[in-house]
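This report goes through a single protein model, from a ring pair to strands, core, loop and helix. The sequence and structure come first.

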Amino acid sequence: MAGELAWLALVFAHGLLPYALAVNRGDFPPNFLFGTSTSAYQIEGAYLEGNRGLSNWDVFAHKKGTIEDGSNGDTADDHYHRYMEDIELIHSLGVNSYRFSIAWTRILPRGRFGHINPDGVAFYDALIDALLQKGIEPFVTICHYDIPQELETRYGGWLSPEIQKDFGYFADACFKMFGDRVKFWTTFNQPNLFIKFSYMDGWYPPGRCSQPFGNCAFGNSSIEPYIAGHNMILSHATAVSIYKRRKGADVRGYFVWSLLDDFEWTSGYTLRFGLYHVDFETLKRTPKLSAKWYRDFLKGSLPGAWLQDDDYSQLQKYSA
């Protein structure tokens, strides 16, 4: 609730309400894509199911002191078992697209040093097919901060040029297995922040840094961010080259972050950005005010009508 009320307070304080209420679905082209988004580690849970391998975040989040509230993503939103319920939530909003990431360790538990996992492929096949059956266009992020721990242990993850081979192998596998239905791909989510938080500040795995940026056991904040960034850029180029040999893509759209309250990295479950409130004891999903606004916006409802709606008072308690 606090987050959304703070947003409303800022709108009023800065005289932005007329502009906020003036935004209408009709202001955008008919083929403009509106969606919502998630990432695998933050919502899937089931970290030991379906022959999934361990990721860098599985290992990092289990280390004492790395996560603000001492939690981890072992269960998260349990999306792995509840994805059909979550697709119904997406569909109820009226969006026409959904961005999610593929857990590298569900497809390749050990990177290119092992085999493709059929259980992981089956999960994403089912997810993609269910989205398409509801008329929702799938957008896939290939890597949203998580990599197989095997790659970190073997050669240092993003600090080694070997990761370029692994990322290319993973991207190619995804294109082959899901490319007949997925038209839109993103290689990395916010790579600049990931590099900074992982190799300069030491907040994200592998938790490497040096003074004066942080107090980590290992790392060099002056050099390693550039090495990791270099390898990530070349990994992106590798994936793009592979994809261009297959097809091209033209992406135009807007995705709300996030569909659900989730495991918010080093903040654990203390921050909530979802359109749907999640009770992490029961895993019950309840729409927030923001979900209602987004749904009404996509329907083309009159601006401001949602503020007077009877549901407004009921939804406020789920707005944080």
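## A buried ring pair

Both phenylalanine 167 and phenylalanine 188 are buried. This is a predicted model. The two rings have their centres 4.5 Å apart. Their planes meet at 20 degrees, under the 30 degrees that bounds stacking, so the pair is stacked. Phenylalanine 167 sits in helix H9 and phenylalanine 188 in strand E5. The two residues are 21 apart along the chain, and the pair links distant parts of it.

A search of the whole structure finds 25 aromatic pairs. Another of them joins phenylalanine 32 and phenylalanine 34. Here the centres are 4.9 Å apart and the planes are at 55 degrees, so this pair is tilted. Phenylalanine 32 and phenylalanine 34 are both buried.

Aromatic residues also gather in a group. Tyr41, Trp57, Phe60, Tyr145, Phe194, Phe197, Trp203 and Tyr204 form one aromatic cluster.

## Strands E2, E4 and E5

Strand E5 covers residues 184-188. Why does E5 count as largely enclosed by the rest of the structure? Because 4 of its 5 residues are buried.

E5 pairs with E4 in the parallel sense, over 4 bridges. One bridge matches cysteine 143 with phenylalanine 188 in E5. Phenylalanine 188 thus takes part in a strand bridge and in the stacked ring pair.

Strand E4 spans residues 137-143. Of its 7 residues, 7 are buried. E4 also pairs with strand E2, residues 97-101. That pairing is parallel too, with 5 bridges. Serine 97 stands opposite glutamate 137 of E4.

In a regular strand, side chains alternate between the two faces of the sheet.

## The nonpolar core

How many residues does the largest nonpolar core have? It has 76. Trp104, Tyr124, Trp158 and Phe178 have the most contacts inside this core. Helix H9, residues 162-178, gives the most to it, with 9 residues.

## Cysteines and the disulfide

The count comes to 1 disulfide. It joins cysteine 209 to cysteine 216, with an S to S distance of 1.9 Å. The link is right-handed, with 100 degrees about the S-S bond. A disulfide is a covalent bond between the sulfur atoms of two cysteines.

The accessibilities of four cysteines are set out here.

| Cysteine | Relative accessibility | Class |
|---|---|---|
| Cysteine 143 | 3% | buried |
| Cysteine 174 | 0% | buried |
| Cysteine 209 | 1% | buried |
| Cysteine 216 | 21% | partly exposed |

The two ends of the disulfide fall on opposite sides of the 20% cut-off. Cysteine 209 has 1% relative accessibility, so it counts as buried. Cysteine 216 has 21%, so it counts as partly exposed.

## Serine 221 in its loop

Where is serine 221 found? It lies in the loop between helix H10 (191-200) and helix H11 (224-244). Is serine 221 buried or exposed? Its relative accessibility is 1%, so it counts as buried.

Its side chain has polar partners on the backbone. A polar atom of the serine 221 side chain lies 2.8 Å from the backbone oxygen of methionine 200. A polar atom of that side chain also lies 2.8 Å from the backbone nitrogen of serine 210.

Neighbours within four places in sequence are left aside for the contact list. Serine 221 is then in contact with Tyr199, Met200, Cys209, Ser210 and Phe213. Among them, Cys209 is one end of the disulfide.

## Helix H12 and its end

Helix H12 runs over residues 289-299. It is mostly covered, with 9 of its 11 residues buried. Which residues of H12 are buried? They are Leu289, Ser290, Ala291, Lys292, Tyr294, Arg295, Asp296, Phe297 and Leu298. The list includes Lys292, Arg295 and Asp296 along with Leu289, Phe297 and Leu298. Glycine 300 comes just after H12 and takes a positive phi of about 85 degrees.

Key: Residues are numbered from 1 along each chain as its sequence is written. This is a predicted model: local features need pLDDT of at least 70, side-chain atom pairs count only at pLDDT 80 or more; totals for chains, interfaces and linings use all residues. Side-chain values use heavy atoms; hydrogens and water are left out. Buried means under 20% relative accessible area, exposed over 50%, partly exposed in between (1.4 Å probe, protein chains only). Two strands pair if DSSP finds at least two bridges between them. A polar contact is a pair of N or O atoms within 3.5 Å; within protein, one must be able to donate a hydrogen and the other to accept it, and residues adjacent in sequence count only if both atoms are side-chain atoms. Contact means heavy atoms within 4.5 Å. A nonpolar core is a set of buried Ala, Val, Leu, Ile, Met, Phe, Trp, Tyr and Cys residues joined through side-chain atoms within 4.5 Å. A disulfide is a pair of cysteine sulfur atoms within 2.5 Å. Rings of Phe, Tyr and Trp (its six-membered ring) pair if their centres lie within 6.5 Å; planes under 30 degrees apart count as stacked, over 60 as edge-to-face and the rest as tilted.
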